[in-house]
Amino acid sequence: MTDSVNSVHTPLIKSLDDILPREPLLMMGAGPVPIPERVARANSVVINHLGDVMAQVIDQVKAMARYVFQTESKWVIGVAGPASAAMEMAIVNLLSPGDSFLCINNGFFSSRMGEMAERIGANVKTLDVPTHTAADPDLVERAIEEFRPKAISLVQGETSNTVFNYSLEEIAKRAKKYGCLVIVDAVCTLSTMPLKMDQWQVDVVITGGQKGLSCIPGVSLVAFSDAAWHVIQNREETLSHWCFDVKLAENFWHKHGYHYTAPVSGIMALHEALKLVCDETLEHRFARHERCSKALQAGIEGMGLDLFIEPSSRLNSVVGIKIPNGFSATDICNHISSVYKVEIAGSFGQPIVRIGQMGEQCREHNLFRTLHALGSTMRDLGIKVDQPLGMAQLEAALQSR
Ligand SMILES: *Cc1c(COP(=O)(O)O)cnc(C)c1O
């Protein structure tokens, strides 16, 4: 005899309404970020994944993505999976066992492609960049000269410690002198700051949905240059990864055929997120991100808190704040979430809390609410801050431009 699900297997299953906070939390952490209403609505649509409407949606997604990636390359591919899946797609298709690969490692996220390359048997060298600094083109060039890798990877913004690799363009240029493929993780930065794939000679750009694009997590995009595509097409052995095989993914993304059942609703959401970027224009979107992030930084410093990274290599997309002595990220994040209904992030190994400035997070009303909540949290915990001065600095910075 089976009884109802509640009484037999899993007592007290509640509805989502009972689980979710009564007042939604403002998502100001390091992703996922809030999504616009239009994106949320698109994400509720299910259509035939192989029909004519889907084909039209896919063509538009690719066209808009080319603008956002700043590339004329045909080779935009979507991935059902997190940004890490798009990273894995790039790595496993471009590298064969034994190929040499240089991973420029600024921290938690940028070490990941090195790890993926190691797992498929590539010959991996890691160039470790000190925690508080951006990658130095001279050191990268020296490593390339010695090691002669087939490809290098680097992150534009290392979300974990909030470092900005501002020399990305220069590093790509140097790598090209040695014929390396350049793979860039732009997960948190794409559409928040300039990245010119073609002009900067980047071969692969990877992004996820849930950060700069202000879309849902779980559907990602990767763009390959013609040179990268050539490597993929000329590869002889069969890839051991079936889902991530670009040659199979091409069926869906370029030939309107079947690979696997595409994440239809997620692609609809991505379409709307990209459309919003295109409507806003990259130029205005970059300006909005810079203005909001700088104002938030001014407000945080105005309160008397310290930012983790010096201005020259500081990432604007995610702001890292030093935690005052005697407190932990958990203390701060739990308090601001439970009392002020604002979600911010701790970190992977750094003594900081992080506030995101990606997509919808960069709205003035979100800045005021978040900074106020941060100041109140600090006061509640007994940390001395000048909250009124911080709020005033935020306002002054927003008005000064
Ligand atoms: C978030 C992030 C990732 C990982 O994205 P997932 O969607 O969690 O796989 C990779 N790189 C950077 C720079 C990120 O910010």
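Here are some notes on the ligand site and a few backbone oddities in this predicted model.

1. Ground rules. Since we're looking at a prediction, local features need pLDDT of at least 70 and side-chain atom pairs count only at pLDDT 80 or more, while totals for chains, interfaces and linings use all residues. Residues are numbered from 1 along each chain as its sequence is written, and side-chain values use heavy atoms, with hydrogens and water left out.

2. Who surrounds the ligand. There are 13 residues around the ligand, and Ser-84, Thr-159, Asp-185, Gln-210 and Lys-211 come nearest (near means that a heavy atom of the residue lies within 4 Å). By type, the shell splits into 6 nonpolar, 4 polar and 3 charged residues (Ala, Val, Leu, Ile, Met, Phe, Trp, Tyr, Cys and Pro count as nonpolar, Asp, Glu, Lys and Arg as charged, and the others, Gly among them, as polar).

3. Polar contacts to the ligand. Here a polar contact is a pair of N or O atoms within 3.5 Å; within protein, one must be able to donate a hydrogen and the other to accept it, and residues adjacent in sequence count only if both atoms are side-chain atoms. The side chain of Thr-159 puts an N or O atom 2.4 Å from a ligand oxygen, and for the side chain of Ser-84 the distance is 2.5 Å. Ala-83 joins in through a polar backbone atom, 2.9 Å from an oxygen of the ligand. On its own the ligand has 380 Å² of accessible area, and the protein covers 90% of that (Shrake-Rupley method, 1.4 Å probe).

4. Arg-285. You'll find Arg-285 in helix H11, residues 282-302 (helices are DSSP runs of H or I, at least four residues; strands are E runs, at least two; both are numbered from the N terminus). Arg-285 counts as buried because its relative accessibility is 4% (buried means under 20%, with a 1.4 Å probe and protein chains only). A polar atom of the Arg-285 side chain lies 2.8 Å from the backbone oxygen of Gly-212.

5. Backbone geometry worth a look. Most residues other than glycine have a negative phi, and most peptide bonds are trans. Gly-31 and Pro-32 are joined by a cis peptide bond, with omega about 0 degrees; Pro-32 sits in the loop between strand S1 (26-27) and helix H2 (37-42).

6. Positive phi. Arg-148 has phi near 50 degrees, in the loop between helix H6 (137-147) and strand S5 (151-155). Thr-162 has phi of about 65 degrees and lies in the loop between strand S6 (157-158) and strand S7 (163-164). With 1% relative accessibility, Thr-162 counts as buried.

Technical notes
Buried means under 20% relative accessible area, exposed over 50%, partly exposed in between (1.4 Å probe, protein chains only).
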